[in-house]
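Dear colleague,

I am passing on a structure for you to look through, and my notes follow directly after it. Please read them with the structure open beside you.

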Amino acid sequence: MTTYLNGVSLPPSKRVSIFGGTHGNEMTGVTLVRQWIKNGAEVQRAGVLVTPFIANPKAVERRVRYIDQDLNRAFTPEILSLIDWKDLPYEVKQAQEINRLFGPKGSKDAYDVIFDLHNTTSNMGCTLILENSGDDFILQMINYIKCTLGQSSCHVLLNEHPELKYETTRSVAKHAVGVEVGPQPQGVIRSDILKSTRQILKYALDFIQLFNKGEEFAACNLEVYVLNASMDYPRDQHGDISAMIHPHLQDRDWQPLCPGDAIFLTFDGKTIYYEGECTVYPTFINEAAYYEKHQAFVTTRKKVLPAKGIKISTD
Amino acid sequence: MGDKLTKLQEEHMASFAPLSRVVVTGGTHGDELAGVYLVQKGLVKQPEFLHRETFTAQAIVANPEASRKSCRFVDTDLNRCFTFESLSSSTANSSSYEIRRAKELNHLLGPKGSNEAVDFICDLHTTTANMGTCIIVDSEKDYLSCQAAHYLKEVSTHPCRILLMKSGTPTFSMMSLAKHYLTLEIGPAPHGVIRADIYNTMKMLVGHLLDFIDQFNKGQEFPAFNMDCFQIERKFDYPRDEEGQLTACIHPKLQDSDFKPLFQGDPIFQSFVSEDSICYEAQDPICPIFINEASYYSKGIAFWGTKIQTFEIASIKVSI
């Protein structure tokens, strides 16, 4: 990366992958990637190798989130370097294989971009998940998508939280984008969700092609939601949940949550209120897969991130 | 048919003994959390909710192992294990958790078809389909269950529809252990998720059902009526390739349109490849339900087609 008068020069993105089925029951990615493996014309762009890939084939076959452990938490240095002197869990082996094919993570040989397609039971609409606030290339890509589809077409979730950040499947690449679209039940394919995801991918790939051809993207600002905290369900002395997401919070992802607002309803009808200090923006409200992770919803704060201008480097 | 009742209907009244053994079951499918939680956390912890003057209902989790794991089933769908054939099959099948559990439930709540069977079962389910509140009964000849369904439909603040199984289908569901029974099926809800609105609707309807049974036991007569319902006719599968993989999904115009009539030429599926529409071809209109239910992909069902039917249901009164 070098700077030029108006921003930074970056190398072209030549190797891009689209992952589906990191979670085997999140059907949009599974469906689209299966389709593109058969016929990849829709996702091909001149000068770019675009590889559609089913990340967790066994989980996809069984239509479950994972076999032994969550693949999307398995890309830690410790897990990636485990040696097979004993039977390793399926997802550990798969993570190492993905690291071999698309990484190694952190090296110059890693893929340039990975799009990881997910669904959620939460009412999040189209959400792009960012792991690095300094990744001008991805910030500019997201800005391009939002300018083309409309500012309200998607939300941007930034996870740089020291405790809540996790090592995702896509983190193997130099640039990682999570594409999270909901609400969709696990195991279900909704045509409207399929269409939205397809559109986001289309403009993301168009952006890469335009960038590679030499188009310059001027400095811009991007509104993001910064991950702030995780809220668990109230639980009883046995650790079982003792309340549900309150009807006033259910489906209200991205809408302001103020101190004193209702967040949970116990099974015998009592309301529990939000006791934070300021207005936050909740999301991942009532995601099915997060009950076992002890997460009822997360809170975020709005922030405007500056993105430097970018153009392809001629080195 | 309208509201005009036949002379036969006016003269005929069905009498039944008081209902004393009443059971509410949740978690027949372990990932349909409204039923699981209503039983485990609602009813068990508020026993007064189950108590009426003439009886106290029991609440049980039908599939405890699947409920513990929050999955539909462990080995096989429990809600298909209650045909007479399955219940009387030899222990060679007992490697299946659900087949063993079905026999346990038959011992506890049945035996199915006998005088010792419990009087009433209300089985609690949710669906990913946009079916709203639906009451499922097996047969229009079970006047007591149909009257219960009608009562719920009348008192509910939410619109309710009555779904009737296809004529002549051997009964297979958990609820069929009892002498009389119905299922509450509410959607849309993702599996593995508890929605407070659905939980509250389910709880309210269970309360109304127990009120109905109590009123019946006390001698209230429930008059004859014409039951408008949706009766199951046939299933429709997704278009698939030679490997059995889907090549299309539910069309956006059909998605979430449960119970709305489908006419010849209406789109039902949308191809993944071309986004072309595949249309309903039959001449007779049909009302689709269970549109895009998650657990039906593996059963080869994209939706069920139903027809609107009306049946005369006799008046009922308790026999002393």
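A residue is called buried when its relative accessible area is under 20%, and exposed when that value is over 50%. Please keep in mind that this is a predicted model.

With that cut-off in hand, V50(A) counts as buried because its relative accessible area is 5%. V50(A) belongs to strand β4 of chain A, which covers residues 49-54. If neighbours within four places in sequence are left aside, the contacts of V50(A) are with V16(A), I18(A), V43(A), Q44(A), R45(A) and L205(A). T300(A), by comparison, stands 250 residues from V50(A) in sequence, and their C-alpha atoms are 33 Å apart in space.

As for the chain as a whole, chain A contains six helices and 15 strands, and 57% of its 315 residues count as buried. The radius of gyration of chain A is 20 Å, which agrees with the value near 20 Å that a compact globule of 315 residues would have, while the C-alpha trace spans about 65 × 50 × 35 Å along its principal axes. Among the contacts in chain A with a separation of 6 or more, 74% join residues that are 24 or more positions apart.

Turning to surface and charge, chain A exposes about 13,100 Å², of which carbon and sulfur atoms supply 51%. Chain A carries 33 positive and 37 negative charges, and the mean positions of these two sets are 6 Å apart.

With best wishes

Conventions: Residues are numbered from 1 along each chain as its sequence is written. Chains are lettered from A and ligands numbered from 1 in the order in which they are written. This is a predicted model: local features need pLDDT of at least 70, side-chain atom pairs count only at pLDDT 80 or more; totals for chains, interfaces and linings use all residues. Side-chain values use heavy atoms; hydrogens and water are left out. Helices (H or I, at least four residues) and strands (E, at least two) are DSSP runs, numbered from the N terminus. The radius of gyration is taken over C-alpha atoms; the globule rule is 2.2 Å times the number of residues to the power 0.38. Buried means under 20% relative accessible area, exposed over 50%, partly exposed in between (1.4 Å probe, protein chains only). Contact means heavy atoms within 4.5 Å. Accessible areas come from the Shrake-Rupley method with a 1.4 Å probe; for residues, only the protein chains shown count as cover. Lys and Arg count as positive and Asp and Glu as negative; His and the chain ends are not counted. The place of a charge is taken as NZ of Lys, CZ of Arg, CG of Asp or CD of Glu.
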